[in-house]
Amino acid sequence: MASLSHLNKLLCMPPLNSSPSTSPPRSSVGVSTKSVGRPRMVADFARPVGRVRAVTSDDEWGPEKEEEAYGGGVAVEEKPTETETEKLKKALVDSFYGTDLGLKATSETRAEIVELITQLEAKNPNPAPTDALTLLNGKWILAYTSFAGLFPLLSSGTLPLVKVEEISQTIDTLNFTVQNSVQFAGPLATTSISTNAKFDVRSPKRVQIKFEEGIIGTPQLTDSLEIPENVELLGQKIDLTPFKGILTSVQDTASSVVKTISSRPPLKIPISNSNAQSWLLTTYLDEELRISRGDGGSVFVLIKEGSSLLTR
């Protein structure tokens, strides 16, 4: 990843202890001595239909098999055990909460994140990421970075009424291309600034990136104009309440302008500078989490689009 300039993770049946008497029942005069059988008890109706089999300690079936013959077993679904790697991944993503992609991370939080990253890197299931291009392929959403070059861009005071909604990297391993993109959201529209680049595999973990062009995306009109109560500019909060009436009155005009701009194609700017290159080292990779380190020593943690980790 790069800055705006670099955009260039289960009842057994109880034992049958009683049995019918083997001696015939007593008879009374005029009463037949033929046994009519013992009275049927309520328990008889509850006894399962099937063969009765004595169970001994050395029975080849064992208690669990007998349980199956009677049909009295209760199946309990066992939940899969969470691996240590999965626990580490969740702990890492949880540690990003409130850091604003790393911008607002405290020194203690950064130390915790570094420790979790180090533990995950030691358990990397794909020690040669460039040999697992199918895993690299796709769109990755930036969740955290220590790259200070992005912090001015993430700062809310830099662009009033505009915020960074998403920073992503899309890798096409078929064509060996990379697109870094920053999506902005404003009161009237959303737009993006991106860079297109080619990459070459230089080692089992490292790729070399050469930026080819920058793209200013076509603004996409939002449903309505949203005016916040206040904005922060140069460290000071500015109350916008008195201006809401004025700002609302120009909504139709502004929407018309945005619609006009939206009809135009994205603006592409070629990058011919031979020095517009960088390299990226992937130190952890699985189906949903990727950890990379840049040429300046910065760390980037990205999550695959569609992963449940993005909803934590």
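A: Accessible areas come from the Shrake-Rupley method with a 1.4 Å probe. The structure above is a predicted model.

Q: What does the accessible surface of the chain come to, and what share belongs to carbon and sulfur atoms?
A: For this chain the area is about 19,700 Å², and carbon and sulfur atoms hold 55% of that surface. Of its 312 residues, 33% count as buried.

Q: Where does pLDDT stay under 50?
A: Where pLDDT is low, the predicted coordinates should not be read in detail. Here pLDDT is under 50 throughout residues 1-62, a stretch with 76 contacts beyond four places in sequence. Residues 64-70 also stay under 50, with 14 such contacts beyond four places in sequence. The average pLDDT of the chain is 75, and 61% of the residues reach at least 70.

Q: How many helices and strands are in the chain?
A: The chain has eight helices and twelve strands. One of the strands, β1, spans residues 138-145.

Q: Why is strand β1 largely enclosed by the rest of the structure?
A: A residue counts as buried under 20% relative accessible area. In β1, seven of the eight residues are buried, so the rest of the structure largely encloses this strand.

Q: Which strands pair with β1, and in what sense?
A: Strand β2, residues 163-172, pairs with β1 in the antiparallel sense over four bridges. Strand β12, residues 299-304, is joined to β1 by five bridges, and these two also run antiparallel.

Q: Which residues are the bridge partners of Gly-138 and Tyr-144?
A: Gly-138 has Ile-171 of β2 as its bridge partner. For Tyr-144, the bridge partner is Val-301 in β12.

Conventions: Residues numbered from 1 in each chain as written. Predicted model: local features only at pLDDT ≥ 70, side-chain atom pairs only at ≥ 80, totals over all residues. Heavy atoms only, no water. pLDDT = per-residue confidence, 0-100. Contact = heavy atoms within 4.5 Å. Buried < 20%, exposed > 50% of the residue type's maximum accessible area, 1.4 Å probe, protein only. Pairing = 2+ DSSP bridges.
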